[in-house]
Structures are given as C-alpha cells and as structure tokens.
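Let's work through some exercises together. Keep the viewer open and try each task before you read its solution.

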Number of protein chains: 2
Amino acid sequence: MDAHLALAARFEQWAMLGDDPARCPVRNLLDRIGDRWSMLLLAALAGSPRRFSALARAVPDISRRMLTQTLRTLETDGLVHREVEPSVPPRVTYSLTPLGKSFAGPLLALVDWAEAHFGEVEAARARMALAS
Amino acid sequence: MDAHLALAARFEQWAMLGDDPARCPVRNLLDRIGDRWSMLLLAALAGSPRRFSALARAVPDISRRMLTQTLRTLETDGLVHREVEPSVPPRVTYSLTPLGKSFAGPLLALVDWAEAHFGEVEAARARMALAS
DNA sequence: GCCTATAGTCTCTACCAGAGACCAGGTAAA
DNA sequence: TTTACCTGGTCTCTGGTAGAGACTATAGGC
C-alpha cells in the first residue's frame, strides 16, 4: 500500500474519534512536538547529552524562555531526561530517554525529505511569486 | 548507522550554515509545515481531493480563517493544488501535488510513531503529575 | 420571501512567543 | 575590595498571531 493511501486510512480512523481532538494520539502529540523548537531540540540532543547553555548555543535563535519551556514539555512527555548536578554553579544536563531516541527514526525521515525536496519547494515559491 | 547518530550528523551540518536559520532547509520547512494544521491538512488530502467545506468538516476545530491561510501556504510551497471551478457558487477543489504526495512517507512515519508510543507518553505525563 | 449552500473575508479580542532585564551565589581578575 | 562573570534559569512588557464570529454575493429550493 502506498504511503499516502495508508495515511488516508489513518485519517479516517481519527475522524471516528469524534469531536475531541485531544483523544487522538496523533493530534495530541502533533500539538506538543509539532512546533518550531521541539523537533529541533530533539535533533540537537540526538548525538549526545548537552547542558542548558550548550543547547542555547546550538540553537542560537531560541530565547531562554522558550528553551526552558520546551525542555520542560519534552521532559514531562518522557522524551528528555533532565539531570541536575548539585555543584556551584549548578550544571544541568539534558539527554534523550530511550523513548526520545526512538523518535529519531521518524524525525530523520522528515529531515531527509526536507533536504531532498527543498529545491522543489523553492521553485514552487518562485513560480507563485511571479504569478502574483 | 543508528537513526539518532545520523540525525546528530545532520544537525552538525546545519550549525555550519551560520546564524541565518532560513538558509537551512530543515529549519525553513519546519517553520512552514511544523504548525498545528499543515500536517493535518496534508493527511486529510492524502486519500482524495477535497473541497474547502469538506476539509472544514474533516478537521472540525480549524477556523475558516486558518483553513484558508494554511491552504494558501501549502499552495505556494507547491504541496497542494487549488482548482477553481467557475460555476455558481464557485467550487474549489484542493488536491495533493506529486510533491505533496511524496511527503506522505515521512508523515506516515510520524503518525506511526505517535500511535505506537502514545501510551508511553501518557505514562510519563502521569508520573510527572504525581511527582509534582 | 426566506433559508440554504458555496468559499471565503473582516474585525475584534485573547493569548502566547520573543526581547531583554533581573536573580542567586560562588570564582577570579584588578 | 570592587568588579565582572559563570551557571540555569525567572519576570515583565509588548507585538504578532490565532481563534470567534459576523458578513459578503449569488443561485436554487420550498
């Protein structure tokens, strides 16, 4: 079965769940990790654990506010582990849990697609800009 | 190579691009389709073309404003094709372009992961709720 | 005459992301 | 001694943006 047909079948199942989107696992998780920063931070942590300021350096355009907030969400969802070393000043290390590592597969698929088809997307944007 | 190591290697490449996130294909596309609605609409269109109001019915909690806006973005990025039938009242049909269909693979990987691991995420949330 | 359906647009408001100041509390340089 | 700096955040203010809901034109059915 083609991927887009399988996807359509899944979508029909979600529709059966009725009017409450939170009960749909996909809606629920998409609302959490489908934002600008979550996937990026998961990718940043894929290689090795990093400390708070190292993450801030790795993703320069995230504000510390959103960095804290996103990491907290990823922690409560069990994707990221937060470890405080009670030294002075305290050092906080973030790492992927096994669940977080299991997300690397789908995320890599997304990244591969983005790199492979970015040219087509740019071409489409250029066409639309000309047409308008 | 494990997926999370491959992901880490990609992430290091992006860091080489310097301070402009828009030049990174992954950042660029994540900022576009990494919102609450884009992936959902792509999934809704995966099975067959749909008209505007059919999409609104398939995704009941999207406002018409966001439906219009998200479809326009997907159209300028070349993922969705918009076809106006000049009848009265006009009928507008949205369908996936070949580029849009090619996105079904990564999207399906994401959906599969969400359905497979949603239980673990809920368990993690319950643990965090108890601990707080 | 009134209601429906079509595919949107417009305005108003509420919320949320981002910017930047601020915090404790120890270390190290001047 | 004063000053600056490091850590990992928190606090407040503001601007942009998402969502709610009213409004549009035109035709067909009752």
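Two strands pair if DSSP finds at least two bridges between them. Helices (H or I, at least four residues) and strands (E, at least two) are DSSP runs, numbered from the N terminus. This is a predicted model, in which local features need pLDDT of at least 70 and side-chain atom pairs count only at pLDDT 80 or more, while totals for chains, interfaces and linings use all residues; side-chain values use heavy atoms, with hydrogens and water left out. Residues are numbered from 1 along each chain as its sequence is written, and chains are lettered from A and ligands numbered from 1 in the order in which they are written.

**Exercise 1. The strands of chain B**

Task: Find the bridge partner of Val84(B) in S3(B), and work out how S2(B) and S3(B) are joined.

Solution:
- Step 1. Go to strand S2 (residues 80-85) of chain B, which runs antiparallel to S3(B) and is joined to it by six bridges.
- Step 2. Look across from Val84(B): its bridge partner in S3(B) is Val92(B).
- Step 3. Follow the chain from S2(B) to S3(B), and you pass through a hairpin of five residues.
- Step 4. Now turn to strand S1 (residues 50-51) of chain B, which pairs with S3(B) over two bridges, again in the antiparallel sense. Here Arg50(B) has Tyr94(B) as its bridge partner in S3(B).

A general note: strands of a sheet pair through backbone hydrogen bonds, either parallel or antiparallel.

**Exercise 2. The sheet of chain A**

Task: Give the order of the three strands in the open sheet of chain A, and say which are the edge strands.

Solution:
- Step 1. Reading across the sheet gives S1-S3-S2, with antiparallel pairing.
- Step 2. Strand S1 (50-51) and strand S2 (80-85) of chain A each pair on one side only, which makes them the edge strands.
- Step 3. Check the link between S1(A) and S3(A): two bridges join these antiparallel strands, and Arg50(A) stands opposite Tyr94(A) in S3(A).
- Step 4. Add the helix. H5(A) lies across S2 and S3 of chain A, at about 115 degrees to S2(A). Axes are lines fitted to C-alpha atoms, for helices over the stretch in contact, and angles run from 0 to 180 degrees between N-to-C directions; contact means heavy atoms within 4.5 Å.
- Step 5. Finish in the loop between S2 and S3 of chain A, where Pro89(A) has its place. A cis peptide bond joins Val88(A) to Pro89(A), with omega about -5 degrees.

**Exercise 3. Around DNA strand D**

Task: Which residues come nearest to DNA strand D, and which part of the DNA do their polar side-chain atoms approach?

Solution:
- Step 1. A residue is near a molecule or strand if one of its heavy atoms lies within 4 Å of it. Of the 20 residues around DNA strand D, the nearest are Arg51(A), Ser53(A), Arg82(A), Tyr94(A) and Met66(B).
- Step 2. Look for polar contacts (pairs of N or O atoms within 3.5 Å; within protein, one must be able to donate a hydrogen and the other to accept it, and residues adjacent in sequence count only if both atoms are side-chain atoms). Phosphate oxygens of DNA strand D lie 2.8 Å from a polar side-chain atom of Ser53(A), 2.6 Å from one of Arg82(A) and 2.8 Å from one of Tyr94(A).
- Step 3. Consider the DNA atoms within 4 Å of the protein: 73% belong to sugar or phosphate, and the rest to bases.

**Exercise 4. Comparing the two chains**

Task: How is chain B laid on chain A, and where do the copies meet?

Solution:
- Step 1. Superpose the copies by least squares on the C-alpha atoms of residues with pLDDT of at least 70 in both. A turn of 180 degrees and a shift of 0.0 Å along the axis lay chain B on chain A with an RMSD of 0.1 Å.
- Step 2. The two copies are thus related as by a two-fold rotation axis.
- Step 3. The copies meet through the same surface, because 100% of the interface residues of chain B are also interface residues in chain A.
- Step 4. Zoom in on Arg10(A), in helix H1 (residues 3-16) of chain A. The side chains of Arg10(A) and Asp112(B) are joined by a polar contact of 2.6 Å.
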